[in-house]
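Trainee: Could you take me through a close look at one residue in this model, please? Once we have its surroundings, I would also like to hear about the charged pairs and the backbone.

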Amino acid sequence: MKPTFTTELVTDEEAFAALAPAWGRLYQRCASATPFQSHAWLHSWWLSYGRRGRLRLLLVRDGGELAAAAPLMAVRRPLPALVPLGGAISDYGDVLVDDDQGERAVAALTEGLAAAARTALIDFREVRPGGAVEQVYERWHGPRRRVNDSVCLELPAVPMDELVARLPSAKAQRVRAKLRKLTALGVERQVVCPDEVDSALRRLLELHQLQWQGRKVTGEHLRARFCEHLVRSVGPMVRSGDAVVTEFRLDDDVVAVDLTLLSRRLAGGYLYGAHPQLRERKADVAVMLLDACAEHTRNGGRAVLSLLRGNEPYKHHWRPEPVVNQRLLLARRRTAPLLSAVVCDVAARRRGKELLLRLEQRRERDGGGRS
């Protein structure tokens with residue numbers, strides 16, 4: 001017998017909290033899910049960043065069991081829209097769909113989203129290629145558009161020696177020398193047990209602030225609400241195998257802490273803090289962290305070691321593959337003008353960035369010509 005699905009829109013915060021067990025089972029049955037769709041991450045994010053009356057969780061059930069879920073919230077500015085929970089501190093946005101339920105669950109979720117949207121645009125940011133919400137996009141009957149979002153850089157999930165072997169010979173020799181330097185310094189690493197995760201994360205944020213002192217830093221990482229979210233979410237994620245926290249010690253002192261997030265398909269280094277003395281002693285922190293992250297992929301059957309969002313030059317030293325997240329815009333006929341407004345805004349911002357880049361390149365050329 002084919003499953004009969006029911007759809008429910010949850011707006012109550014206590015009901016969201018109570019969904020943890022069922023949400024966790026659905027999360028395990030969705031191969032494309034990333035840690036940013038776990039209940040621990042999303043519910044904690046809502047407690048730190050959510051606004052009363054804005055919660056919109058669309059649930060599709062097969063009897064009493066969840067078959068699909070779209071974790072959303074309503075926003076009014078700059079346009080009325082339904083957007084994924086997780087906000088700017090989450091590298092991927094998506095829905096959850098039970099892989100075993102097939103197209104009928106996707107159809108029920110799509111119909112539910114169309115009904116929930118009403119006069120709002122549905123705006124899915126930072127969708128990793130292959131995300132579950134792409135199935136919703138393909139079934140959508142109203143106006144829709146796909147535009148590029150952030151770039152993520154990805155490596156194969158292989159041991160560190162294989163990552164080094166991918167590099168040109170001279171660069172590979174330098175990396176091996178840096179690994180030997182870490183050993184000679186006596187840097188030791190240890191995975192933090194679940195009961196000690198909270199204190200390790202607070203140390204991570206202290207070191208993160210210290211390493212960026214006097215330089216431009218992501219301000220949100222220094223705020224109390226971010227600390228509360230991280231401490232509240234990561235402990236349960238460590239216990240469920242969706243995260244690992246690693247401490248690095250030098251002369252018995254914790255000099256660095258790394259948070260790596262894990263899912264069935266990928267591992268990604270999310271945030272770290274490192275004491276400046278590591279660099280003073282000629283320790284290459286990037287090599288140290290990648291070595292630890294590669295170790296976490298060894299036995300998980302994962303295909304990807306993600307460097308997550310950001311196109312920073314130091315990441316390119318490892319010859320990663322750029323993977324562009326997608327922004328999926330879904331509208332009904334009455335909200336088609338909202339979709340057009342967003343697409344025009346995206347195009348204008350892209351042109352502005354290109355113009356600024358050309359101006360900077362011209363200044364560099366002019367400066368070079370005068371020197």
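Mentor: Happy to! Let me begin with what a helix is here: a DSSP run of H or I that spans at least four residues, with the numbering of helices starting from the N terminus. Please also keep in mind that the model is predicted.

The residue I would pick is His39, which is found in helix α3, residues 39–49. Is His39 buried or exposed? The cut-off for buried is under 20% relative accessible area, and His39 has 10%, so it counts as buried. Its neighbours, leaving aside residues up to four places away in sequence, are Phe16, Ala17, Leu19, Ala20, Trp23 and Ser44. Phe16 deserves a second glance, as its backbone oxygen lies 2.7 Å from a polar atom of the His39 side chain. So Phe16 appears both among the residues that His39 touches and as the owner of that backbone oxygen.

From there, let us turn to the charged pairs. Side chains of opposite charge can pair when their charged atoms come close. Searching the whole structure gives 22 salt bridges. One of them joins Glu8 and Arg61, whose closest N and O atoms are 3.4 Å apart. Glu8 belongs to strand β1 (residues 5–10) and Arg61 to strand β2 (residues 55–62), so this pair ties together parts that are 53 residues apart in sequence. Arg61 is buried, at 19% relative accessible area, while Glu8 is partly exposed, at 36%.

Another bridge links the side chains of Arg225 and Glu220, with 2.8 Å from N to O. Here Glu220 is buried, with a relative accessible area of 14%, and Arg225 is partly exposed, at 34%.

A third example is Arg349 with Asp345, where the closest N and O atoms are 2.8 Å apart. These two residues sit 4 residues apart in helix α12 (residues 336–370), which means that about one helical turn separates them. Arg349 is exposed, with 55% relative accessible area, and Asp345 is partly exposed, with 36%. Elsewhere, Arg25, Arg29, Glu65 and Asp98 are joined into one network by salt bridges that share partners.

Now for the backbone. Most residues other than glycine have a negative phi, and most peptide bonds are trans. With that in mind, three places are worth checking in your viewer. The peptide bond from Arg77 to Pro78 is cis, its omega being near 0°. Pro78 is in the loop between β3 (65–75) and β4 (81–84).

Arg118 is not a glycine, yet its phi is positive, near 50°. You will find Arg118 in the loop between α4 (102–117) and β6 (121–127). Its relative accessibility of 58% makes Arg118 exposed.

Asp252 likewise has a positive phi without being a glycine, at about 70°. Its place is the loop between β9 (243–250) and β10 (253–262), and Asp252 is exposed, with a relative accessible area of 69%.

To come back to where we began: His39 is buried, whereas Arg118 is exposed and Asp252 is exposed too. If you open one view first, try His39 with the backbone oxygen of Phe16, 2.7 Å from a polar atom of the His39 side chain.

Definitions and conventions:
Residues numbered from 1 in each chain as written. Predicted model: local features only at pLDDT ≥ 70, side-chain atom pairs only at ≥ 80, totals over all residues. Heavy atoms only, no water. Buried < 20%, exposed > 50% of the residue type's maximum accessible area, 1.4 Å probe, protein only. Salt bridge = Lys/Arg side-chain N within 4 Å of Asp/Glu carboxyl O. Polar contact = N/O pair within 3.5 Å; in protein donor to acceptor, adjacent residues only side chain to side chain. Contact = heavy atoms within 4.5 Å.
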